[in-house]
Amino acid sequence: MSRPDSREAQVKRLLEGPYPAVPPDLAAGAAARGDRLLRRRRAVQRTGWVLLWAAVVAFVVWASLTGAWSTPSSEVSPPW
């Protein structure tokens, strides 16, 4: 049982000890990266919605031109 205790003591020493220096531009860089990711995500979402609407419009135009929901005439069926 001494092994987990030594790990716990090591973690406590790491948490209590001196902290490493943080680069001064770290927050600004993280904020800029977050802005880029957010802009990219929004652009992808907008592109997806535009493509979805274009597909819906194309389907509606195709269906209205070909009469996809109309029933076939009775003359198409084979004679008795």
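How many residues does helix α2 have, and how far does the helix reach from its first C-alpha to its last? Keep that in mind as you look through these close-ups of a predicted model.

**View 1. The whole protein is built from two helices and zero strands.** Among the 80 residues of the protein, buried ones make up just 2%. About 8000 Å² of the protein is exposed, and 66% of that area is supplied by carbon and sulfur atoms.

**View 2. Helix α2 runs from residue 26 to residue 66.** Here is the reply to the opening question: helix α2 has 41 residues and reaches 60 Å from its first C-alpha to its last. That is close to the 60 Å expected at 1.5 Å a residue. Look just after α2 and you will find Gly67, which takes a positive phi of about 65°.

**View 3. Lys12 and Glu8 meet through their side chains in a salt bridge.** The gap here is 3.5 Å, going from N to O. Why can such a pair form at all? Side chains of opposite charge can pair when their charged atoms come close. Both Lys12 and Glu8 sit in helix α1, which covers residues 2-16, and they are four residues apart, or about one turn of the helix. An α-helix has 3.6 residues a turn, so residues three or four places apart point the same way. Are these two side chains buried, or partly exposed? Lys12 counts as partly exposed because its relative accessibility is 45%, and Glu8 is partly exposed too, with a relative accessible area of 43%. If you go hunting for salt bridges in this model, the count comes to one.

**View 4. Phe59 and Trp62 form a tilted aromatic pair.** The count of aromatic pairs comes to one. In this pair of Phe59 and Trp62, the rings are 5.8 Å apart, centre to centre, with 35° between the planes. Phe59 and Trp62 both lie in helix α2, three residues apart, which is about one turn of the helix. Phe59 has 44% relative accessibility, so it counts as partly exposed. Trp62, at 46%, also counts as partly exposed.

**View 5. A nonpolar patch lies on the surface.** Which residues form this patch? They are Trp49, Leu52, Trp53, Val56, Phe59, Val60, Trp62 and Trp69, and together they have about 970 Å² of accessible area. Take Val60 as one of them: its place is in helix α2, and it counts as partly exposed because its relative accessibility is 48%.

How values were computed:
Residues are numbered from 1 along each chain as its sequence is written. This is a predicted model: local features need pLDDT of at least 70, side-chain atom pairs count only at pLDDT 80 or more; totals for chains, interfaces and linings use all residues. Side-chain values use heavy atoms; hydrogens and water are left out. The expected span of a helix is 1.5 Å times one less than its number of residues. Patches are made of residues with over 30% relative accessible area and no salt bridge: like charges are joined within 9 Å, nonpolar side chains (Val, Leu, Ile, Met, Phe, Trp, Tyr) within 5 Å. Accessible areas come from the Shrake-Rupley method with a 1.4 Å probe; for residues, only the protein chains shown count as cover. A salt bridge is a side-chain nitrogen of Lys or Arg within 4 Å of a carboxyl oxygen of Asp or Glu. Buried means under 20% relative accessible area, exposed over 50%, partly exposed in between (1.4 Å probe, protein chains only). Rings of Phe, Tyr and Trp (its six-membered ring) pair if their centres lie within 6.5 Å; planes under 30 degrees apart count as stacked, over 60 as edge-to-face and the rest as tilted.
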